[in-house]
Structures are given as structure tokens and as C-alpha cells.
2 protein chains.
Amino acid sequence: MPRVNLPLSTEFALLGFLRRQPMHGYEIHQHLSDATGLGLVWHLKQSQLYALLSKLEREGYVTTTVEYQNTRPPRKMFELTETGRQTFQEWVQRPVQQGRKLRLDFMAKFYFAQMEGPEVALQLIEQQRLACRDWLHQLEQEAEPLRQSRPYDWLVHKFRIGQIEAMLAWLDTCQEMLPAAIH
Amino acid sequence: MPRVNLPLSTEFALLGFLRRQPMHGYEIHQHLSDATGLGLVWHLKQSQLYALLSKLEREGYVTTTVEYQNTRPPRKMFELTETGRQTFQEWVQRPVQQGRKLRLDFMAKFYFAQMEGPEVALQLIEQQRLACRDWLHQLEQEAEPLRQSRPYDWLVHKFRIGQIEAMLAWLDTCQEMLPAAIH
DNA sequence: AATCATTAGTCATTGATTGAGTATTCCTAA
DNA sequence: TTAGGAATACTCAATCAATGACTAATGATT
């Protein structure tokens with residue numbers, strides 16, 4: 001049971017598929033292969049998915065057992081370890097700390113948070129709001145003195161500020177939608 | 001002179017450094033290593049930069065000549081080929097076609113476009129505006145029917161719509177700033 | 001005099017990603 | 001009915017990207 005804890009991040013989302021019951025790789029791939037739900041934001045080749053699952057196993061977040069079938073190829077069933085379960089719980093509630101992680105990492109967190117129920121989703125939304133507001137203030141501080149001296153740098157800051165403001169507005173929308181978003 | 005034309009994209013930005021005069025890798029790295037200008041948006045390790053430059057050479061966009069110095073280590077000078085020059089001209093004017101390329105690819109284009117002068121920058125801005133408006137319409141079409149049936153998918157669309165609207169607003173800001181942004 | 005940053009680039013290794021392959025079985029339509 | 005294709009389930013080799021460490025000389029600093 002090796003616990004190396006390399007810098008995993010996006011791949012933790014895969015733990016979400018296993019949070020209720022064990023699953024085999026092929027089934028996870030099916031969930032991701034049509035452009036709906038998490039498949040709308042995360043496109044993974046089959047071989048890439050299996051590679052990530054192996055990595056999660058190597059690092060002790062999941063264990064596998066081979067399940068032989070009468071007629072079909074045998075399945076490798078993936079199951080959360082206790083570490084895996086804890087890691088998922090933490091991951092799904094922790095806001096992302098960089099703007100570039102909003103598109104994929106945050107959307108994956110929100111996907112599972114929303115499936116876990118409104119409390120979890122609301123918690124994530126609120127935490128992410130705080131993180132965004134921090135970025136915003138910091139960027140506004142940094143932008144101020146650049147306006148005259150470094151127009152390009154100032155515009156880059158303005159771009160980021162705009163993206164984060166849009167994110168904050170969207171988080172409000174999420175909150176309003178929440179009751180409807182529960183499956 | 002191999003011309004393979006693999007799917008290069010971000011690395012074309014490096015051609016921008018050579019558009020006025022030949023340069024060696026170390027100097028390009030210096031331009032990127034402080035967090036201003038292009039270095040604000042593109043963080044490249046030294047070895048990674050050299051790897052990209054070699055790739056551009058392999059594919060025929062640049063040629064190299066070694067320049068020996070009396071006391072310092074010899075420099076490998078990179079110079080645009082005619083293909084490289086044309087490729088840069090096309091690259092710098094062509095809008096990006098995916099939202100996730102706004103952060104890096106578009107900012108790199110805009111960096112050099114703006115250095116080339118207001119006409120080039122205005123052209124890029126206008127082209128990017130058109131691309132963004134297309135995305136926006138398409139996303140709005142797609143989002144419509146999802147509202148009731150697939151709340152998560154609808155929210156993902158809303159997120160993207162928000163990011164693109166923010167981009168469009170920012171493009172207006174760029175246009176207003178342009179006269180000041182020229183060095 | 002010793003130490004540290006600068007110059008300029010290489011290299012080996014690890015990690016990520018891809019496309020293709022495998023082998024069985026089920027379904028469908030001529 | 002039988003040929004062809006899609007589905008099931010995973011593996012593998014090969015390429016591509018990325019990282020950290022290294023070299024080796026000079027100049028600057030304390």
C-alpha cells in the first residue's frame with residue numbers, strides 16, 4: 001500500500017464515481033464518453049482513463065479486484081480505500097485556487113457536490129466565492145499601478161478580473177438553481 | 001528542411017521574438033522569466049523553451065547558427081525562415097477557436113499584435129470578437145433546451161456563456177486602450 | 001579569498017497521451 | 001443464416017511533453 005502523494009488533482013474526480021459503489025473502468029468511461037454531465041467538461045481517452053485509475057491504485061486511493069464473468073471479458077473492479085474516501089470528501093469541498101482550474105477542476109467538483117446534495121454544493125459554492133473574491137482583490141491591487149506604466153500587463157489583469165467577476169455571477173446563478181439541480 | 005507541420009500552436013508565439021532580429025534561447029528565456037509582458041501569462045522552464053525551439057527548427061520555422069564568443073559560452077542564434085515569417089504573420093492575426101485558449105494563446109497573440117501596431121491589434125481584436133460572438137450564439141442555442149432537463153449541463157453552458165461575455169467586454173476595453181498600449 | 005549569481009545550453013529520466021490492438025459476443029439486416 | 005458491425009473490457013508500445021539536475025566558465029560581492 002504505497003502512499004506517495006504525488007501532486008494529483010483532476011484525477012481525484014474519478015474517485016467520485018466510486019463514492020457510492022465499486023465500478024469498473026469501462027463503465028466509468030461510458031459515463032464520460034457522452035457529452036453530458038461530467039462528460040461535457042472532461043474528455044478522456046479510454047487508455048488515458050485506465051492510466052489514471054492505475055495511478056490512483058498505485059498511490060493507495062483505490063483497490064482492485066478482478067471479477068470474472070461467464071461470457072464477457074473479466075472486469076477490474078475499482079473500490080475506494082478509506083484514504084480514497086477521505087481524499088474525495090476533502091477534494092470535493094475544497095475550492096480551486098487558480099483561475100485556470102475553473103473550467104475543469106471546479107466543474108468536476110461541482111458535478112459531484114451537486115449530486116451529494118444541496119448542503120455539499122452550497123458549501124463548495126461559498127468556499128469558491130471566497131477564493132474568487134480574494135483573487136479579485138489581489139488582482140485589483142496589482143492592476144492599479146500598471147495602468148499607465150504597463151498597458152499590456154494592465155489588460156492581462158483586467159482580463160482575469162473580468163473572468164473572475166463572471167465566475168462570481170455564475171456562482172450566484174448556481175445557488176439559485178440548486179434545488180432544481182438535484183437528481 | 002523538413003516541413004512536417006505537426007499541430008503546433010502556442011509555440012508559434014516564440015516566432016514573435018524573432019520577428020525583428022535573430023535571438024538566442026537564453027535571451028528569449030530572459031524575456032519570459034520576469035512576470036511582465038508575455039512572461040505574465042506564459043511560464044516556461046528553460047529546458048522546455050529549448051525543447052520548443054528545437055522543435056520549431058526541426059519543422060523548418062527557424063534556422064540556427066552558432067555564434068562563438070571570446071569569453072562567454074557560445075550562443076545558438078535562432079532566425080526566422082521565410083516559412084517561419086509567414087507562419088507568424090498568419091498566427092498573430094488568427095483568432096483562437098476555443099475558450100480555453102483565451103488565457104494563453106490569445107494573450108500571446110495580442111502581445112505581439114499590439115507590439116506590431118494598432119492596425120494589427122485592431123484586426124486581431126475584431127476577428128476574435130466575431131469568433132466569440134459565434135460561440136456565444138451557439139452556446140445560447142444549446143443551453144435553451146437544457147434548462148429543465150439537465151440542470152448541470154445548463155449551468156456548464158451558462159458558465160461558458162459568462163466567460164465569453166466577459167471576454168467580449170474585455171475586447172472593448174482593449175480597443176479603447178490601444179493607443180496607449182503601443183511601445 | 002570565498003562565495004554566489006550570471007551566462008548559455010545539454011541531458012537523462014519521468015510522466016502524460018496517443019493510437020492501435022485483442023478477443024469474445026451480441027445484434028442486425030440482407 | 002450468415003456476414004458485418006457494434007459492444008464489452010482492457011492492454012501495450014511508442015511518442016510527446018516536462019522536469020530537475022548538471023556543466024563550466026566568468027563576473028560580481030562580501
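These are my notes on the contact between chains A and B and on the surface around DNA strand C.

**Ground rules.** I am working on a predicted model, where local features need pLDDT of at least 70, side-chain atom pairs count only at pLDDT 80 or more, and totals for chains, interfaces and linings use all residues. Residues are numbered from 1 along each chain as its sequence is written, chains are lettered from A and ligands numbered from 1 in the order written, and side-chain values use heavy atoms, without hydrogens and water.

**A against B.** I looked up the contact (heavy atoms within 4.5 Å) and got 37 residues from chain A and 37 residues from chain B. The two chains bury about 3,300 Å² between them, 68% of it on carbon and sulfur atoms; that is accessible area (1.4 Å probe) lost on being put together, summed over both. Arg103(A), Tyr152(A) and Phe159(A) supply 24% of what chain A buries there, more than any other three residues.

I then checked salt bridges (Lys or Arg side-chain nitrogen within 4 Å of an Asp or Glu carboxyl oxygen) and found zero across this interface.

**DNA strand C.** I count 19 residues around the strand, the closest being Lys45(A), Ser47(A), Gln48(A), Arg75(B) and Lys76(B). Sugar and phosphate make up 64% of the strand's atoms that come within 4 Å of the protein.

I pulled three individual distances. An N or O atom in the Ser47(A) side chain is 2.8 Å from a base oxygen. Gln30(B) puts a polar side-chain atom 2.9 Å from a phosphate oxygen. Pro74(B) has a backbone N or O atom 3.2 Å from a sugar or linking oxygen.

How values were computed
A residue is near a molecule or strand if one of its heavy atoms lies within 4 Å of it. A polar contact is a pair of N or O atoms within 3.5 Å; within protein, one must be able to donate a hydrogen and the other to accept it, and residues adjacent in sequence count only if both atoms are side-chain atoms.
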